[in-house]
Amino acid sequence: VLKDILESVDISFCPYVQGSFMDLADFPCLKQLDLFGTAVTGDIRDIDKQDFLPLEALVLPKGGYELQRISDAPGVISALYSIKKQRPSLLIESWHAFLSEDSPDWYDG
């Protein structure tokens, strides 16, 4: 029942909240989703044309996307471009990409 009426989810700065943001992809009324500071996971490349249709504002758990490999960057940027092209009014707040310190491409410089 809640799925059909929920318009805004703000669970920011709740580090013990876990799950995948894609679990909310088919909420028909969801306009705002703020997951900053949570342990929620997901891959922005999994967002399809029919996912998050009414969404107007999105804040991802780490404020952006954690790349596992440098070679992931073009696919992530392409997915982000497609999402913005399909939903021009969608505000993706403070988005950035960064390389995971656990990445095999990581080096201390």
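Trainee: Why is Glu66 called partly exposed?

Mentor: This is a predicted model, and the relative accessible area of Glu66 in it is 24%. Buried means under 20% and exposed means over 50%. The value for Glu66 falls in between, so the residue counts as partly exposed.

Trainee: What makes the pair of Glu66 and Lys62 a salt bridge?

Mentor: Their closest N and O atoms are 2.4 Å apart. The cut-off is 4 Å between a side-chain nitrogen of Lys or Arg and a carboxyl oxygen of Asp or Glu. The pair therefore qualifies. Lys62 is partly exposed, with a relative accessible area of 46%.

Trainee: How many salt bridges does this rule give?

Mentor: Four. Among them is the one that joins the side chains of Lys3 and Asp26, at 2.9 Å from N to O.

Trainee: Why is the pair of Lys3 and Asp26 said to tie parts together?

Mentor: Look at where the two residues sit. Lys3 is in the segment before E1, and Asp26 is in the loop between strand E2 (18-20) and E3. The parts are 23 residues apart in sequence, so the pair ties them together. Lys3 has a relative accessible area of 33% and is partly exposed. Asp26, at 46%, is partly exposed as well.

Trainee: Which of these words fits Asp43, buried or exposed?

Mentor: Buried. Its relative accessibility is 17%, and the cut-off for buried is under 20%. Asp43 forms a salt bridge with Arg45, with the closest N and O atoms 2.8 Å apart. Arg45, at 34%, counts as partly exposed.

Trainee: What makes E1 and E7 edge strands?

Mentor: Each pairs on one side only. E1 covers 8-10 and E7 covers 91-92. The open sheet has four strands in the order E1-E3-E5-E7, with parallel pairing.

Trainee: How do you know that E1 and E3 pair?

Mentor: Count the bridges. Three of them join E1 to strand E3, residues 32-34, in the parallel sense. At least two are needed, so the strands pair. Within E3, Gln32 is the bridge partner of Ser8.

Trainee: How do you know that the span of helix H1 is close to the expected one?

Mentor: H1 runs over residues 73-86, which makes 14 residues. From first C-alpha to last it reaches 20 Å, and 20 Å is expected at 1.5 Å a residue.

Trainee: Why are the buried residues of H1 said to line one face?

Mentor: They are Val76, Ala79, Leu80 and Ile83. Seen down the helix axis, they fall within an arc of 95°, so they line one face. An α-helix has 3.6 residues a turn, so residues three or four places apart point the same way. Pro74, Tyr81 and Lys85 are exposed on the face of H1 turned away from its buried side.

Trainee: What covers the buried residues of H1?

Mentor: The cover includes strand E6 (65-67) and E7.

Trainee: Which residues touch the most other members of the largest nonpolar core?

Mentor: Leu30, Leu33, Ile44, Phe52 and Leu55, in a core of 22 residues. E6 and H1 are the elements that give two or more residues to this core. H1 supplies the largest share, three residues. Beyond its neighbours within four places in sequence, Ile44 contacts residues including Val76, Ala79, Leu80 and Ile83. Phe21, Leu60, Tyr65 and Trp95 are also among its contacts.

Trainee: Why is Phe52 counted as buried?

Mentor: Its relative accessibility is 4%. Buried means under 20%, so Phe52 qualifies. Phe52 lies in the loop between E4 and E5.

Trainee: What is notable about the phi of Phe52?

Mentor: The angle is near 55°, a positive value in a residue other than glycine. Most residues other than glycine have a negative phi. Phe13 also has a positive phi, of about 60°, although it is not a glycine. Phe13 lies in the loop between E1 and E2.

Trainee: Which word fits Phe13, buried or exposed?

Mentor: Exposed. The value for Phe13 is 61%, and exposed means over 50%.

Trainee: Why is Ala39 called partly exposed?

Mentor: Ala39 has 31% relative accessibility, so it counts as partly exposed. Its place is in strand E4, residues 39-41. Ala39 and Val17 are 22 residues apart in sequence, yet 5.6 Å apart in space, C-alpha to C-alpha.

How values were computed
Residues are numbered from 1 along each chain as its sequence is written. This is a predicted model: local features need pLDDT of at least 70, side-chain atom pairs count only at pLDDT 80 or more; totals for chains, interfaces and linings use all residues. Side-chain values use heavy atoms; hydrogens and water are left out. The expected span of a helix is 1.5 Å times one less than its number of residues. Buried means under 20% relative accessible area, exposed over 50%, partly exposed in between (1.4 Å probe, protein chains only). The arc is that of the directions from the helix axis to the C-beta atoms. Contact means heavy atoms within 4.5 Å. A nonpolar core is a set of buried Ala, Val, Leu, Ile, Met, Phe, Trp, Tyr and Cys residues joined through side-chain atoms within 4.5 Å.
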